[in-house]
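Reader: Please give me a close look at a single part of this model. Keep it brisk, and set it in the context of the rest.

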Amino acid sequence: MDTLFGIPLAALVGQVVIGLINGSFYALMSLGLAIIFGLLHVVNFAHGVQYMLGALVAWYLLDTWGISYWWALLLAPLIVGLIGLAMERFFLRHLYHLDHVYALLLTVGMGILIEGLVKFKFGIGGQPYPNPMSGGADLSVAFIPWYRLWVIAVALVVSLGTWLFIERTKIGAYLRAANENPNLVRTFGINVPRMLMLTYAFAVALAGFSGVMAAPIYQVSPHMGGSLIIVVFAVVVIGGMGSILGSIVTGFGLGVIEGLTKVFYPEGASVVIFVVMILMLAVRPSGLFGRGQ
Amino acid sequence: MTFQGKHLVWLIAALLLLLAPLAAYPLFLIKILTAALLAASVNFLVGYAGLLSFGHAMFYGSAAYVSGHVLKTWGVDALVGIAAGVLVSALLGLVTGVLAIRRQGVYFSMITLAFAQVVYFLALRLPFTGGEDGLQNVPRAPVLGLIPTDDHLAMYYVCAVIVTAAFWLIWRIVHSPFGQVLKAIRDNEPRAMSLGYRVNQYKLLAFVLSAALGGLAGSLKVMSFELATLTDVGWGTSGDALLICIVGGMATLWGPVIGAIVVIALEHSLASTPELVQIVQGLVFVLVVMLFRKGIVGQWLAWWQGRQRRQPSKPSAQEAS
């Protein structure tokens, strides 16, 4: 059996894998957005830029000090997370008591600023990042590079791990409680401002982590975050930011839908997620996992 | 109606518009005018209806492409070309608005951004837009067959009249019963709903009006600069409009004008070092959000109103905005 519905099986498998890869990034990014939004009530418009920073730091570590991908996978999220920590501590924190729109606008401005600085320092061109895993799995119908499988597996583990952490641990319970009623949690003696800071830093580090994983697949360029984040916003509109698990499922699902569209109707692949968003708004405005709003 | 402070502001604005070409190049002034109008359309929506749009470039850009195409291929009168662009952007506003207003707050912003991205893809792919090259050599048709616009100065005065009319329209809308209902919805949507207002219809109308105004800015731009490019539909254009809004002051009539003068002049002064433009934009963005949230006009109004309150003997003027 070489074809399915008149489509070569190899192409089908290949595109599903690419769809899962894109879906991995959609899932990790929308997960981070959901965590930030759940606790801080801010949509982090700088998320794309923070993802780009992750890739950039990984590239810089390799290019300047020859630090390998595996160390970068640990170091880059730490560095990007620290940048996020500083952003929360020195900027975002001072805007919580105001209309949420100002915190949102701050992340927009920060995104523009950081992207501008990166372009100024490193130029607007893309930098290639070598593939850390050569070879791949030969499935007789299709050849799948190991690195792609690695990305999918890691994204699954990290996103499900985050979900379990928030749903099953004590710190996760504090987070969920602070989401419902921060003042009450505070009266129990929990340092809510510090918790908000660490949560933001964690979600930003997650974006940086996604960036490191993306570096060998896409080129490392200042624009890599901007084009991704708009699609991720559409994913978030479709899934709703009310549920962590919802973000993961929606992210992977839409990645696969996008991949399949590339097989059956290639011209539509770049807009299919937006079309799904339009359909969702028409049929079920609150999104798949939305709560009200 | 007696002569009040707000009338004086209009008079001064008209005088400045008339004399501005003595101080600056007409094309530079047109750039400020169109940027101010686009920002005003965003500002109207966020300031008076509480809807923060991140996708107004889609109206600006699509009107620019449509007006440019109509002027170029059909050789029609300037006003017909502009009207075509405005009409298309209003229709686009209707289609996207119906869907976008189904969600509130941040979701609304993300949806408008996503729609703008779809329009960007269309502009990249559709046959008449010229793809990466854009739409070039758009002719400057005469207005009503009488006023030639080949000269930059004449084009400037045409733009000045149209943009002033648009600002007057915004002012009238904001101070109309419709504008009052919009403000009520912005401040407390459930209450407005329980008072019997069809909230979504009001929001949709505000969105379509704002889209048409943003489109008008795009149509004037394509005629003046004789080209439409992907930059016009890109996120940068929406971001610029937002920056102008917050620098000038959200929810003020004159904020977009002052903001446009400041931001466009700033960008112009950096023309020799283009790599710095984005950094400065980002810095200004962050600075304004952190320290001067009311914007220039908003800060001035607050100071003025504070002064009025400290001097109760004087008859208090109506709000100057």
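**From one loop to the chain contact**

Author: A:His41 counts as partly exposed, because it has 14 C-beta neighbours inside 10 Å. The scale runs on C-beta atoms placed from the backbone: 20 or more others within 10 Å is buried, 12 or fewer is exposed, and in between is partly exposed. This is a predicted model, in which local features need pLDDT of at least 70 and side-chain atom pairs count only at pLDDT 80 or more, while totals for chains, interfaces and linings use all residues. Residues are numbered from 1 along each chain as its sequence is written, and chains are lettered from A and ligands numbered from 1 in the order in which they are written.

Back to the loop. A:His41 sits between α1 (9-40) and α2 (47-65) of chain A. Helices here are DSSP runs of H or I with at least four residues, strands are runs of E with at least two, and both are numbered from the N terminus. Most residues other than glycine have a negative phi. A:His41 is not a glycine, yet its phi is positive, about 60°. Chain B offers another case: B:Glu226, also not a glycine, has a positive phi of about 65°. B:Glu226 lies in the loop between α9 (199-225) and α10 (230-233) of chain B. B:Glu226 is partly exposed, because 17 C-beta neighbours lie inside 10 Å.

Now the chain around the loop. Chain A has 11 helices and 4 strands. Of its 293 residues, 48% count as buried. Its C-alpha atoms fill a box of roughly 65 × 50 × 35 Å along the principal axes. For 293 residues, a compact globule would have a radius of gyration near 19 Å, and chain A agrees at 19 Å. That radius is taken over C-alpha atoms, and the globule rule is 2.2 Å times the number of residues to the power 0.38.

Next, the part I would look at closely: where the chains meet. In all, 32 residues of chain A contact 28 of chain B. Contact means C-beta atoms, placed from the backbone, within 7 Å. On the chain A side, α4, α9 (224-239) and α11 each supply at least two residues. The largest share, 15 residues, comes from α4(A). By class, that side has 25 nonpolar, 5 polar and 2 charged residues. Nonpolar covers Ala, Val, Leu, Ile, Met, Phe, Trp, Tyr, Cys and Pro; charged covers Asp, Glu, Lys and Arg; the others, Gly among them, are polar.

Zoom in on A:Lys119, in helix α4 (residues 100-122) of chain A. Leaving out residues up to four places away in sequence, A:Lys119 touches A:Ile124, A:Pro222, B:Glu275 and B:Gln278. A:Lys119 is partly exposed, with 17 other C-beta atoms within 10 Å. Its C-alpha is 9.0 Å from that of A:His223, although the two are 104 residues apart in sequence.

Then α11. The axes of α11 (residues 272-283) of chain A and α5 (residues 105-125) of chain B come within 10 Å and cross at roughly 135°. Axes are lines fitted to C-alpha atoms over the stretch in contact, and angles run from 0 to 180 degrees between N-to-C directions. That makes α11(A) oblique to α5(B). Under 35 degrees is roughly parallel, over 145 roughly antiparallel, 65 to 115 roughly perpendicular, and the rest oblique. A:Phe274, A:Met277 and A:Leu281 meet B:Ile111, B:Ala114, B:Gln117 and B:Val118 there. These residues divide into 6 nonpolar, 1 polar and no charged.

Note on methods
Contact = placed C-beta atoms within 7 Å.
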